[in-house]
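Visitor: Hey, I've got a protein open here and I'm new to this. Can you walk me through it?

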Amino acid sequence: MPKRRFEMFGTLREKLHSVVQEGLSASLRGLSVNEVNIVPSSNDQQPVNYDAGADLLHKYQTEWNQLHLLAEDNAHKAEEVNEMISLLHHQMSEQWKKMDTITSCINAMPQLVKSIENAINDMENIKTLINDVEHQLLKLEDVVEEQELQEQMLNERFQLAVYRSRKLKELEKISDDLEAEHKEKVVDLEQKINIKLKERQEIFNQVFQQDMRQYIISGIIPVMKSSGNNGRDEVSLEDIEIEDDTDALNELLNS
């Protein structure tokens with residue numbers, strides 16, 4: 001298409017050039033006819049005008065200058081027309097490029113519509129995936145909270161076990177201390193009981209020795225009254241039962 005336009009513009013330029021040449025040729029032919037008409041015949045007896053050549057030359061020069069000016073004016077106008085044609089050609093080329101671009105865009109519209117539809121479908125799929133991800137994230141948060149709760153429970157159980165172990169150790173220590181204190185108190189009590197028993201044994205031995213002396217002398221053993229008074233009842237020898245343990249008696253007799 002641009003090549004065809006160049007050919008059309010070249011033909012227009014050639015036509016303008018031929019019109020200018022035809023105008024110049026017509027002017028020259030007119031001058032030649034006038035020159036032939038001016039030349040007098042040899043039969044006329046009119047006087048010769050010697051300035052006619054100068055006038056004719058001046059006329060030719062004037063017309064030639066006018067033709068030259070017209071030719072220059074036509075050349076300038078032809079250049080202006082050429083510039084206008086070039087500008088028009090450039091504008092038409094730009095418009096043609098734009099038309100090609102628009103045509104390409106129009107041809108690409110179905111593919112663009114299809115791409116938009118695919119993009120919409122992809123967006124729907126992405127939306128579904130986002131909803132699934134949000135649902136899974138909520139489940140994950142629940143699992144994380146449950147895991148944290150279990151870890152907290154394990155930590156509390158561990159702390160409870162440590163506290164129980166510490167308290168058991170303290171209780172064991174207290175039990176050991178109480179047991180040691182109890183043993184010490186038992187030992188002290190046994191010592192006190194032994195001391196009291198020894199004191200009572202000594203008292204009983206003294207009383208027994210006195211009773212034995214009284215028995216040896218009088219044959220009667222004084223007996224403590226059950227009523228609690230300090231008096232003694234006299235008993236006969238038949239009322240006395242001698243125990244098998246005669247160590248104290250032998251010790252007394254041997255003394």
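Guide: Sure, one term first: a residue counts as exposed when its relative accessible area is over 50%, buried when under 20%, and partly exposed in between. Lys 185 has 51% relative accessibility, so it counts as exposed. Keep in mind that this is a predicted model.

Visitor: Does Lys 185 pair up with something? I mean, which side chain meets Lys 185 in a salt bridge?

Guide: That's Glu 181, with 3.4 Å from N to O. Both residues sit in helix α2, 4 residues apart, about one turn of the helix. Glu 181 is partly exposed, at 38% relative accessibility.

Visitor: How many salt bridges are there?

Guide: The count comes to 4. Another one joins Lys 77 and Asp 73, at 3.6 Å from N to O. Those two also lie in helix α2, 4 residues apart, or about one turn. Lys 77 has a relative accessible area of 44% and Asp 73 has 33%, and Lys 77 counts as partly exposed, as does Asp 73.

Visitor: Any others?

Guide: Glu 179 and Lys 183 meet in a salt bridge too, at 3.6 Å. They are separated by about one helical turn of α2, being 4 residues apart.

Visitor: Okay, new topic. What elements does the protein have, and in what order?

Guide: From the N terminus they run α-α-β-β-α, which makes 3 helices and 2 strands. Helix α2 covers residues 52–218.

Visitor: And what share of the residues is buried?

Guide: Just 5% of the 255 residues count as buried. The accessible surface comes to about 22,700 Å², with 57% of that belonging to carbon and sulfur atoms.

Visitor: Where is there a nonpolar patch on the surface?

Guide: It is formed by Trp 96, Met 99, Ile 102, Ile 106, Met 109, Leu 112, Val 113, Ile 116 and Ile 120, with about 810 Å² of accessible area together. Take Met 109: it lies in helix α2 and is partly exposed, at 40% relative accessibility.

Visitor: Last thing: which element has the lowest mean pLDDT, and which the highest?

Guide: Strand β2, residues 232–235, has the lowest at 46, while α2 has the highest at 87. Over residues 226–238 the pLDDT is below 50, and that stretch has 22 contacts beyond near neighbours in sequence. Residues 31–44 are below 50 too, with 6 such contacts.

Visitor: What about the protein as a whole?

Guide: Its mean pLDDT is 76, and 65% of its residues reach 70 or more. Where pLDDT is low, don't read the predicted coordinates in detail.

Methods. Residues numbered from 1 in each chain as written. Predicted model: local features only at pLDDT ≥ 70, side-chain atom pairs only at ≥ 80, totals over all residues. Heavy atoms only, no water. Patch = residues over 30% accessible without salt bridge, like charges linked within 9 Å, V, L, I, M, F, W, Y side chains within 5 Å. Areas by Shrake-Rupley, 256 points an atom, 1.4 Å probe, with all protein chains shown as cover. Buried < 20%, exposed > 50% of the residue type's maximum accessible area, 1.4 Å probe, protein only. pLDDT = per-residue confidence, 0-100. Contact = heavy atoms within 4.5 Å.
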